[in-house]
Amino acid sequence: MPVLLFASGGCATVAAVHPVVVSELGAPSRASALEASLSQRGVVTFERVVFARWTAGRGAFIDRDDPRTAGVPKGTEEAVIYAYVIDHPRFGRYLIDSGVSADLEPRLNPLMRRALRDLNIRVEQTTAEWLPRRASPRAVFLTHLHFDHVGGLLDMSADTPVYVGRGDAEERSWTYRLIGRPADIALEGKGPLHEWAFTPDPDGAFAGIIDIFGDGSVWALSLPGHSPGSTGYLINAVDGPKLVVGDAVSTRLGWEQAMPQPAPASGRVEAEASADRLRRFAAAHPQVEVFLGHQSRTNQTD
Ligand SMILES: [Zn+2]
């Protein structure tokens with residue numbers, strides 16, 4: 001997402017906050033249990049879906065104010081808006097993130113619409129186009145509440161429960177005062193957000209770890225920094241474990257070269273810690289396939 005949307009310094013209070021409840025789904029766990037689950041037979045199917053693409057200058061994805069990015073040449077990056085489908089044989093279908101909706105852009109505030117026009121987002125399919133051919137998800141697990149992750153909620157039935165990390169719903173920066181808060185539009189008329197009940201990981205590998213279904217098949221990982229409630233998901237799929245990191249690490253520059261990403265000043269230290277934890281975990285468990293927020297690990301075009 002564009003750097004404008006990260007340029008948040010201090011916090012400002014805005015009256016309306018979408019209501020939140022503590023999730024009853026999932027139980028706090030620890031890294032050793034997560035690691036043990038990697039060797040169990042995967043029962044969940046996992047599919048990545050492409051919804052849209054955009055092109056932006058590298059400054060949208062790496063922090064040009066940080067001297068460590070000085071060696072990265074100027075240029076653009078291709079970014080993709082993904083969502084992920086997980087099908088659990090017992091608990092059913094869930095989506096990670098939500099795709100895109102044609103109904104979001106017209107409802108945004110003019111500044112935000114201009115920022116989006118500059119991104120020249122090419123929609124390949126909307127969630128409304130994608131959904132009718134498939135079973136509806138029982139719930140949506142969000143990586144965070146930025147516009148390029150929540151838009152598709154507008155195309156889903158209002159009673160689909162939405163799960164998110166703690167703190168995202170309450171995030172109020174001056175940037176949001178300027179551009180409005182797309183998530184509030186996407187959540188209009190929907191029930192309360194369900195916040196994952198993270199507690200500190202006793203093994204210290206992540207800020208928090210939740211075993212979502214209680215069977216070690218799908219895990220939520222607390223990855224604060226990019227946004228206060230940024231959350232990743234580890235899925236023990238039939239074809240091996242998958243790790244969806246959201247925008248905790250958006251691009252290959254962030255993953256392979258450990259380039260710092262733009263982040264709110266208040267979240268910069270946490271953002272680097274979360275990215276480091278992810279890289280450490282992946283290095284220790286090379287069988288885990290990593291899915292970055294807006295790029296494929298391997299292919300420039302998808
Ligand atoms: Zn984001």
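Author: In this predicted model, a residue counts as buried when its relative accessible area is under 20%, as exposed when that area is over 50%, and as partly exposed in between.

Reader: With that cut-off in hand, why is Ser 222 called buried or exposed?

Author: The relative accessibility of Ser 222 is 13%, and buried means under 20%, so Ser 222 counts as buried. The residue is found in strand S11, and, with its neighbours within four places in sequence left aside, it is in contact with Phe 198, Phe 206, Ala 207, Gly 208 and Ser 230.

Reader: How do you know on which side of the cut-offs Val 238 falls?

Author: Val 238, in the loop between S12 and S13, has a relative accessibility of 53%, and since exposed means over 50%, Val 238 counts as exposed. Val 238 nevertheless has contacts beyond its neighbours within four places in sequence, namely with Gly 42, Val 43, Val 44 and Thr 45. Its C-alpha also lies 7.9 Å from that of Phe 46, although the two residues are 192 apart in sequence.

Reader: What makes the description of Glu 270 an intermediate one?

Author: Its relative accessibility is 40%, which is neither under 20% nor over 50%, and therefore Glu 270 counts as partly exposed. Glu 270 has its place in helix H8 and touches Pro 224 and Gly 225, once residues up to four places away in sequence are not counted. From its C-alpha to that of Ala 248, 22 residues away along the chain, the separation is 9.9 Å.

Reader: Which atoms are taken as the protein donors of the zinc ion, and how do you know that they qualify?

Author: They are NE2 of His 144, ND1 of His 146, NE2 of His 226 and OD of Asp 247, at 2.2 to 2.4 Å from the ion; for zinc the cut-off is 2.8 Å, so these atoms count as donors. Along the sequence the spacing of the donor residues reads H-x1-H-x79-H-x20-D. Within this set, His 146 and His 226 link distant parts of the chain, being 80 residues apart: His 146 sits in the loop between strand S7 (139-141) and helix H4 (147-150), and His 226 in the loop between strand S11 (218-222) and strand S12 (231-237). His 146 and His 226 are both buried.

Reader: Why is the arrangement of the four donor atoms around the zinc ion given the name it has?

Author: The angles run from 86 to 179°, whereas a tetrahedral arrangement of four donors needs every angle to lie between 85 and 135 degrees. The arrangement is therefore called irregular. Some caution is needed here, because water is not among the atoms and a site may look incomplete.

Reader: What makes the buried residues of H8 a group on one side of the helix?

Author: The buried residues are Ala 271, Ser 274, Ala 275, Leu 278, Arg 279, Phe 281 and Ala 282. They cover an arc of only 165° around the axis, which means that they lie on the same side of H8. On the other side, Val 269, Arg 280, Ala 283 and Ala 284 are exposed. The elements that cover the buried residues include helix H1 (31-37), S12, strand S13 (240-246), helix H7 (252-256) and strand S14 (289-292).

Reader: How do you know how the span of H8 relates to the expected one?

Author: Its 17 residues, 268-284, reach 25 Å from the first C-alpha to the last, which is close to the 24 Å expected at 1.5 Å a residue.

Reader: What makes the buried residues of H2 comparable in kind?

Author: In H2, Met 112, Ala 115, Leu 116 and Leu 119 are buried. Their arc around the axis is only 100°, which places them on the same side of H2, while Pro 110, Arg 114, Arg 117 and Asp 118 are exposed on the other side.

Reader: Why does the radius of gyration of the chain agree or disagree with that of a compact globule?

Author: For 302 residues, a compact globule would have a radius of gyration near 19 Å, and the chain has 18 Å, so the two agree. The C-alpha trace spans about 50 × 45 × 35 Å along its principal axes, and 59% of the residues count as buried.

Definitions and conventions. Residues numbered from 1 in each chain as written. Predicted model: local features only at pLDDT ≥ 70, side-chain atom pairs only at ≥ 80, totals over all residues. Heavy atoms only, no water. Donors = N, O, S within 2.8 Å, 3.2 Å for Na, K, Ca; no water. Tetrahedral: all angles 85-135°; square planar, octahedral: opposite > 155°, others 65-115°. Helix = DSSP H or I, 4+ residues; strand = E, 2+ residues; numbered from the N terminus. Buried < 20%, exposed > 50% of the residue type's maximum accessible area, 1.4 Å probe, protein only. Expected span 1.5 Å × (residues − 1). Arc of directions from axis to C-beta. Contact = heavy atoms within 4.5 Å. Rg over C-alpha atoms; globule rule 2.2 N^0.38 Å.
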